[in-house]
Amino acid sequence: MSEPVTAPANTGDLSQFTPHPIVNGSKAVYDLDLQMDEQSQFTVKAIIDVTNTSADHWDQLMFYMIPNVFTLPDEHYIYRKDAQFILNNVLINGNKTSYTLDQDSLAVPLKDYLAPSAHTKVEVNYTFTLPEKGIRFARTGQSYDLAQWYPMLATYENGWNKQPYILAIESYHTDFSDFTLHYKLPGKYRVISTSDLDPVESVSGGVLKAEHVKEFMVSFTKDLNPVRQIVDNTEIKVWAGTEDKPHMENALKTAAGALHFFNQNIGTYPHKQLDVILGDRLSMEYPGIVTIYSKEDIKHVIVHEIAHQWFYGVVSSDPFHDGWLDEGMTELATSLYMQDYSYSESLYKPYKQYSNLPLSDYQNGEIGTSLYAQPPLKFRELLEHRKDDGTDFLQAYYKTYQYKQVDTKEFVDFVKAYFGMEDQSFFDGWIK
Ligand SMILES: [Zn+2]
């Protein structure tokens, strides 16, 4: 072990560095119409204005249609008996057209090629029910959590980048988009959504909008109630049912502390509201919302999911090919705030798998170490050696790439430039 050294004088000097973020060649604007009936069945008319921002002529469009995967009995880990999904039709510029739906891939062939800069209007009509033990897309008690519930346009990078659905972790990758949601409900529900315009009272319908967000999550609930606090001009609402009521005040305190720390040290939180939903749910981040499985160490998980608002919500990366970037930087931010790396230490298994493999290359159990634990632990070594608290690095990274997409190569180039590294040896053995 060598003695700590102070950071070289050129640390943080990015004057010679030119960022080259990844450019996605597909853009979407979503106009979603959602109706729920008395039997808890949802009917959706999704209109997606798709623009070809690539240099290629397209012969098809590609969407993620994740609600379909829960209805496939062959996918036995994902299959939910009570999930239903029926695709009624697909229209292009008002005309019915053919499509193929395979697992979570909805491919829509284009009779006329879509030229660079051209756009087209796709309408998808479908119905679904939410499975009770769903994954993100789920009914829990009297709450309907709609995540990844609409046709999400895939990204286009030298062809459509549409990878298979993977249960363990997010396998879908979307760009920043604008959303309008019209919704109609059979009775009054409280509404929790990605939008900053959630109604204060229970409602049976309305319109929500969000701009420049990676996805649009919405939850309609009769059994969750909020506690609120304003922090740095953002309203934090922690939602829970009776069972999780005892955790609410602590959760609010944790969320408030994390939000303020990340505001001060990384960049300003991009929404006016932050919803934290506690309960029997998968812990997960969405723009403006986090869901927290309340039976684990909720302090760590709340901070982690909130940190994703910066690393995922604003700095974008492809979770299938570069899942370590958002999980690794999120967990680093979490550890810096908590001044505690014990979560990563407890996950870490020294079998030396690379952190930047595609999700499909990992065996059972390798994702935790490789994506979540190894990156922050490697950065801890680097930062401790340089007597650097790490927050300036995360802030510079965030400011350089906000609302842009990073991949492994770009990240490595940035780290080398930021820390004035002469070579790539910092990444030896853990980044391929
Ligand atoms: Zn995460």
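In this predicted model, Y403 sits in the loop that runs between α6 and β23, the latter covering residues 404-406. The backbone of Y403 has a phi near 60°, which is a positive value in a residue other than glycine. Such a value deserves a second look, because most residues other than glycine have a negative phi. As for its surroundings, Y403 has a relative accessible area of 34% and is therefore partly exposed, since that class lies between the limits of under 20% for buried and over 50% for exposed.

A comparable backbone feature can be found at Q103, whose phi is positive, at about 55°, although this residue is not a glycine. Q103 belongs to the loop between β6, residues 100-102, and β7, residues 105-114. With a relative accessibility of 31%, Q103 counts as partly exposed.

From the loop that holds Y403, the reader can turn back to α6 itself, the helix of residues 391-401, whose axis comes within 11 Å of the axis of α3, the helix of residues 323-338, and crosses that axis at roughly 140°. The crossing of these two helices, α3 and α6, is left-handed. On the α3 side the contact is made by M329, L332, A333 and L336, and on the α6 side by T391, F393, L394 and Y397. Sorted by character, the residues of this contact between α3 and α6 comprise 7 nonpolar and 1 polar, with no charged residue among them.

The remaining part of this tour concerns strand β10, which spans residues 143-146 and is covered on both of its faces. On one side of β10 lie S143 and D145, and on the other lie Y144 and L146, and all of these residues are buried.

Which strands pair with β10? One of them is β9, residues 138-140, which pairs with β10 in the antiparallel sense over 3 bridges, and within this pairing R139 has Y144 of β10 as its bridge partner. The two strands β9 and β10 form a hairpin with 2 residues between them, and in the turn G141 has a positive phi of about 60°. Strand β16, residues 218-221, also pairs with β10 in the antiparallel sense, here over 4 bridges, and in this pairing D145 has S219 of β16 as its bridge partner. Taken together, β10 pairs with β9 and with β16, while its residues Y144 and D145, which take part in the bridges just named, lie on opposite sides of the strand and are buried.

Terms used:
Residues are numbered from 1 along each chain as its sequence is written. This is a predicted model: local features need pLDDT of at least 70, side-chain atom pairs count only at pLDDT 80 or more; totals for chains, interfaces and linings use all residues. Side-chain values use heavy atoms; hydrogens and water are left out. Axes are lines fitted to C-alpha atoms, for helices over the stretch in contact, and angles run from 0 to 180 degrees between N-to-C directions. A crossing is left-handed if the near helix is turned anticlockwise from the far one by less than a right angle, and right-handed if clockwise. Contact means heavy atoms within 4.5 Å. Ala, Val, Leu, Ile, Met, Phe, Trp, Tyr, Cys and Pro count as nonpolar, Asp, Glu, Lys and Arg as charged, and the others, Gly among them, as polar. Buried means under 20% relative accessible area, exposed over 50%, partly exposed in between (1.4 Å probe, protein chains only). Two strands pair if DSSP finds at least two bridges between them.
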